[in-house]
Number of protein chains: 2
Amino acid sequence: MTDKLQKLKDIFGEVEDLNRAAGVLAWDQETYMPPGGVEGRAAQISTISRLAHARFISDEVGRRLDDINGEVDGLPFDSDEASLVRVARRDYEQERKLPSDLVAEIAHAGSSAQPVWQKARKDSDFKAFAPYLQKNVELNQRVADLLGYKERPYDALLNRSEPGLTTDQLETMFAELKKAIVPLVADIARHADAVDDRVLYRDFDPDAQLKYALNLVTKLGYDLERGRQDVSTHPFSIALGPGDVRITTRVSRGFFNECLFGSIHESGHSMYSQGFAPNLDRTPLWGGASPGVHESQSRLWENLVGRTQPFWRHFFPSLRNTFPEALKGSDEEAFFKAVNKSYPSLIRVEADEVTYNLHVLLRFELENEMLEGTLKVKDLPEAWNARFKLYFGLDVPNDREGCLQDIHWSWPEFATFPGYTIGNLIGAQLMDKIRADIPDLEAQVERGEFGVLLRWLRTNVHRHGRKFTPNELVERATGKPLTPGPWIAYVRKKFGALYGLKTAS
Amino acid sequence: MTDKLQKLKDIFGEVEDLNRAAGVLAWDQETYMPPGGVEGRAAQISTISRLAHARFISDEVGRRLDDINGEVDGLPFDSDEASLVRVARRDYEQERKLPSDLVAEIAHAGSSAQPVWQKARKDSDFKAFAPYLQKNVELNQRVADLLGYKERPYDALLNRSEPGLTTDQLETMFAELKKAIVPLVADIARHADAVDDRVLYRDFDPDAQLKYALNLVTKLGYDLERGRQDVSTHPFSIALGPGDVRITTRVSRGFFNECLFGSIHESGHSMYSQGFAPNLDRTPLWGGASPGVHESQSRLWENLVGRTQPFWRHFFPSLRNTFPEALKGSDEEAFFKAVNKSYPSLIRVEADEVTYNLHVLLRFELENEMLEGTLKVKDLPEAWNARFKLYFGLDVPNDREGCLQDIHWSWPEFATFPGYTIGNLIGAQLMDKIRADIPDLEAQVERGEFGVLLRWLRTNVHRHGRKFTPNELVERATGKPLTPGPWIAYVRKKFGALYGLKTAS
C-alpha cells in the first residue's frame, strides 16, 4: 500500500472508530441505559456524529482523494483500492453537501425522539409523537434539498440509502408486486382453513425460547465469539467492528414466532456483517452494500431457509424436546405449515411473506407524501387507517397497532422502508442462483448443515462489503438485473402448495 | 453567563461528551462486549481519547482561558465561574504537557492490557502479563517526565490524581498508619476467637444476593432512574452523565461480603457522582475531586455506615427473611461482628478495615519502586511475596492471589492506589464532623433513614464536584487539614470493643 493511501485510510479509520462508538452508544440506549440517560446520551451521540462527519467531509479528505486518483486508475474495478477510492468519493461528494451541524442535529433529534416514540406507542398517543415526526419530516426535506434531485425529493434520499435506485423504479416494482399479491391474498383467504397456526400461540417459556433461538442461530453460522444476544423493544442487529456484531431480540410467552424468527432474521444481518473481508476493516467499504442488500440476508435466512420444510424436519425434534407441552400433538409438517400461515394482519414485523410487501408499500407511499408535503403529519393516522383498509381490508383499532408501530419514523432518516421489499426481492433472486449452484441444498438443510450455503453468501455477497451498489452486486452474483419476477414466482409456488391453490401447478 | 464563557463551555461540553462516550465503551468492555471486540474497542477508545485530549489542549482553549481571566477575577473562590476557570486552567496546563498521541497510546495500552491481565490472573501466569506491565511502567515514566517533578517521579503522577499531595507527605502518613496498624493487628490476632465469621461462608443464592443488594443501595439513596447494576469481574462505578451513573458488582455463592459490601461501596461512589451540582454538567468541574475523595464516599457508606451495629439492627431482619437457611442461628449482633472480623488475608478487596491500608502501602511502595527503576518488572512477584510476608506474616501461594490480583496495573495510570488509603482517612475525618452535626445519626441509621446523612454529604462534598482540591474540600467540610488521627482513633475504638482489647478503653 502506498503512503498516500495509508494516510487516507488513517483518517477513514478514525471516522469509523467514531461511527462505531456512536453505535455502542445507540446499542446501550436501546438495551441497558437507565431512563435518566436520555438527554446526556443525545448530546454524546450528536457530538460524535458531528465530529465523524466533519472529519470525513474535511478538505483534507477531498485533497487526498483527488491526489490518489492516478494511483488507482489502472486497477480492476473490484480491487480493494479502486473500490475504496470510488465509494469513498461517492460518499464524500454526497456527505459534503450536508453541513456537520445538520448531521449533529439529525443525530440529536433521533436520540431524543426515540424514547418519546416508545412512550407514545405504549400509550397509543400519536399527538405526543407528532411534533417529533414533524421535526423529522423537516430534517428529511432539508437533507433532500441539500443533496439535490430532479423531480422527486425521495430520489435524493433513496440514492443515499440504495445507490442507483429511483423513486419511479420503485413505484414500478411495487405496482408489479401489488398486481401479484392482491389476488394471491384473496385466493389464500378463500382457502384459509388449509393452515392451522394455533400451536404458535400456546405457552412457551421465554427463557427457554431465548436459549433455543441463540443456540439455533449459532448453528446457522452466527459466531458468538464475535457477537451476543440481548433483549430490546425493537429487535436489531448492529455491527460495531469485525469482532463485535450483536443482535437483539424480543420474546413473547404466548406467540412463538417473535423470538425465534426475529433471532434468525437479526442473525442473518449479523452473519453478513461478520463476513465483510477483514482487509476492508476501518474503511468506508466495511459495511453492508445498502439496507436493501442487508435485508436480503436477514430475509433469506428467516424465510428462504427458516420457513422451509427441510429446516423444520431438522429442528422440530429438538424444539419438541424443549417445549414438550406446547408442541404436544404437533409434528414437523404441521409446524412448518403453521409458521407459514398467511393472512392480512396489522403489524409489519409479524406479517407473513405474502402480505409483508404491502406493509412496506403503505409506508413508502405515506413517507413519500409527507416528504412532498401532500400529507400533513397531523393527518397521518387517518391516512394510514384509510390506506390500510384499502390494501388489507382491516380496520386499525388504534395508533399503537397503526402508524406508531415502527421505530423508523423516530429516526430522522426516511427511505429505509423500501429496503425491506428490495431485500425480499434480492433474497429470492439470490436463492434461485444458490439452488442452481448447490443442487442438494435442501438435503443439507435437512441435515442441519448450513456451511456450504454460508460460504456461498460469504463469497458472493458478504466479503464485498460496500464495494458494489445493490444493482452491481445482484448482477455479479446472479448474472441478471434485479426484478420482482423470482420473488413472485417463489411465493406463488410456495403458498400455492401450502394452500392447495390452482396457481400452484 | 457571558458569551466568552459560553464559547469555552461549548468546547468543554464536547470534550466531556467524548470522555463519557469513552466511558460507555469501557463499561461495555467490562460487562457485555464479546471476546472478539477487544482489538476494535482499543482502537475506538484510543481515537476518542486522542480527540478529547487534542480538543482540550488546543490553542483555542488556552486563548479563551487567557481571555476570560479578567471576567472572573472579582468572583468568589467557590463560585461556579471562578472555579471553572481555575480548575480548567490547572488541567489545561498539566494536560498540555502530554501530546495527544501519547494519550491515545495510553488509552490503547490500557484497553489491550486488560484482557491479557484477566487471562493471566485466571491462569496465575505473571510472565504473560509482564510485557504489558513493562509497557505501562514505561508509559508512566514518560508521563512523569513530561509533567515534570523536582525529586520523585511519583510526585508528578500524584499531583495529577491527588492535586496538592506529595510522595513525602504520603510516606509520612503511611509511616504513622503502619505504626498504629501493626501492633493492632497483633493484638487482634491474640483475641481472634472473639469474632466468628463462619456464617458468611454459608450458601447464599447469587440471584437473591444481587436483588437484596440492589434493593438495599436504593434505600441508601442510589437513584435507579439514573443508574443500574450489572455484574463484572472487577466491580466498579462509572459516571456517564448526571442521568446515568452505574455500578457493577460480583457475587459469590459461598461468601456473603463480596456482593453486598461491594454494592454498598460502588453505590457510595455513584451517589457522589449523582450529587454533582447540575450546573456543573458538561464542564471540567463535573467529576469527583480526586480518586481519594471518591474513595472516601465509597468507604464511608461501606464501612462507617454499612459495618455498624445500628445498620445491622435495621437490615438483619429482612436479610434473614431472604436467607432463612443460611442465617439460621445467627442474630444482628453476631452478624455485625462477623462482617467486621479482622485478620491478615491475601486479597485487598476482601480485606477488613484494619489491614486494608497495609495492602495499599504495599502497592504504593512497589509501584513507586518500579517507576523509579529500583524494582524490575520481572522481579515484581518475588518482591510482592517477600514484602507480603513481612507485613502480613503470610506466604503468597500464587500470583493470582498475589501481584496479579488487582486490575489497576493493567491500566497505564499509576498513583491511583494511594487514593484508597486517603479515602479511608478522609471518610473517618468527615464522619467525626457528621456525628457532631447529626447527633442522632445512629438512631436514624437504625430506623433505616439515610436521607439526612446523604443530604449532609450532598451539601458538603458531592455538589462541589471538582471545584476544590482534596485538601481544600476536607478543610471546608471539617475545619481541619487531613490527618490520619481520626481514622486511627476510629479503628482503635471499634476493633478494641469488638475484640475486647485494652486499647478499647
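## Exercises on the contact between chains A and B

In this predicted model, the area buried between chain A and chain B is about 2,500 Å², and carbon and sulfur atoms give 60% of that area.

**Exercise 1.** Work out which residues of chain A lose the most area to chain B, and how many residues each chain brings to the contact.

*Solution.* Begin with the count: 32 residues from chain A and 32 residues from chain B take part in the contact. Then turn to the area that the side of chain A buries, where Tyr32(A), Pro34(A) and Gln44(A) lose the most to chain B, together 20% of what that side buries.

**Exercise 2.** Determine how chain A and chain B are related to each other, and whether the copies meet through the same surface or through different ones.

*Solution.* The first step is the superposition: a turn of 180° with a shift of 0.0 Å along the axis lays chain A on chain B, and the RMSD is 0.0 Å. The two copies are therefore related as by a two-fold rotation axis. The next step is to compare the two sides of the contact, and here 100% of the interface residues of chain A are also interface residues in chain B, so the copies meet through the same surface.

**Exercise 3.** Describe the polar side of the interface, and identify which elements of chain A give two or more residues to it.

*Solution.* Start with the charged pairs, for which the count between chain A and chain B is six salt bridges. A salt bridge links Asp244(A) to Arg41(B), with the closest N and O atoms 3.5 Å apart, a distance that lies within the 4 Å cut-off used for such pairs. Polar contacts come next, and 14 residue pairs, both residues being at pLDDT 80 or more, are found across the interface of chain A and chain B. As for the elements, α1 (3–31) and α2 (38–56) of chain A are those that give two or more residues to the side of chain A that touches chain B. Of these, α1(A) gives the most, with nine residues.

**Exercise 4.** Lay out the sheet of chain A strand by strand, and find the bridge partner of Asp230(A) in β3(A).

*Solution.* First set down the order, which is β1-β3-β2 in an open sheet of three strands with mixed pairing. The edge strands of chain A are β1 (229–231) and β2 (237–239), each of which pairs on one side only, and the twist averages 25° from one strand to the next. Next take β1(A) and strand β3 (residues 245–249) of chain A, which run parallel and are joined by three bridges. Finally, Asp230(A) has Thr248(A) as its bridge partner in β3(A).

Terms used:
Residues are numbered from 1 along each chain as its sequence is written. Chains are lettered from A and ligands numbered from 1 in the order in which they are written. This is a predicted model: local features need pLDDT of at least 70, side-chain atom pairs count only at pLDDT 80 or more; totals for chains, interfaces and linings use all residues. Side-chain values use heavy atoms; hydrogens and water are left out. Two strands pair if DSSP finds at least two bridges between them. Helices (H or I, at least four residues) and strands (E, at least two) are DSSP runs, numbered from the N terminus. Axes are lines fitted to C-alpha atoms, for helices over the stretch in contact, and angles run from 0 to 180 degrees between N-to-C directions. Copies are superposed by least squares on the C-alpha atoms of residues with pLDDT of at least 70 in both. Contact means heavy atoms within 4.5 Å. Buried area is the accessible area (1.4 Å probe) that two parts lose on being put together, summed over both. A salt bridge is a side-chain nitrogen of Lys or Arg within 4 Å of a carboxyl oxygen of Asp or Glu. A polar contact is a pair of N or O atoms within 3.5 Å; within protein, one must be able to donate a hydrogen and the other to accept it, and residues adjacent in sequence count only if both atoms are side-chain atoms.
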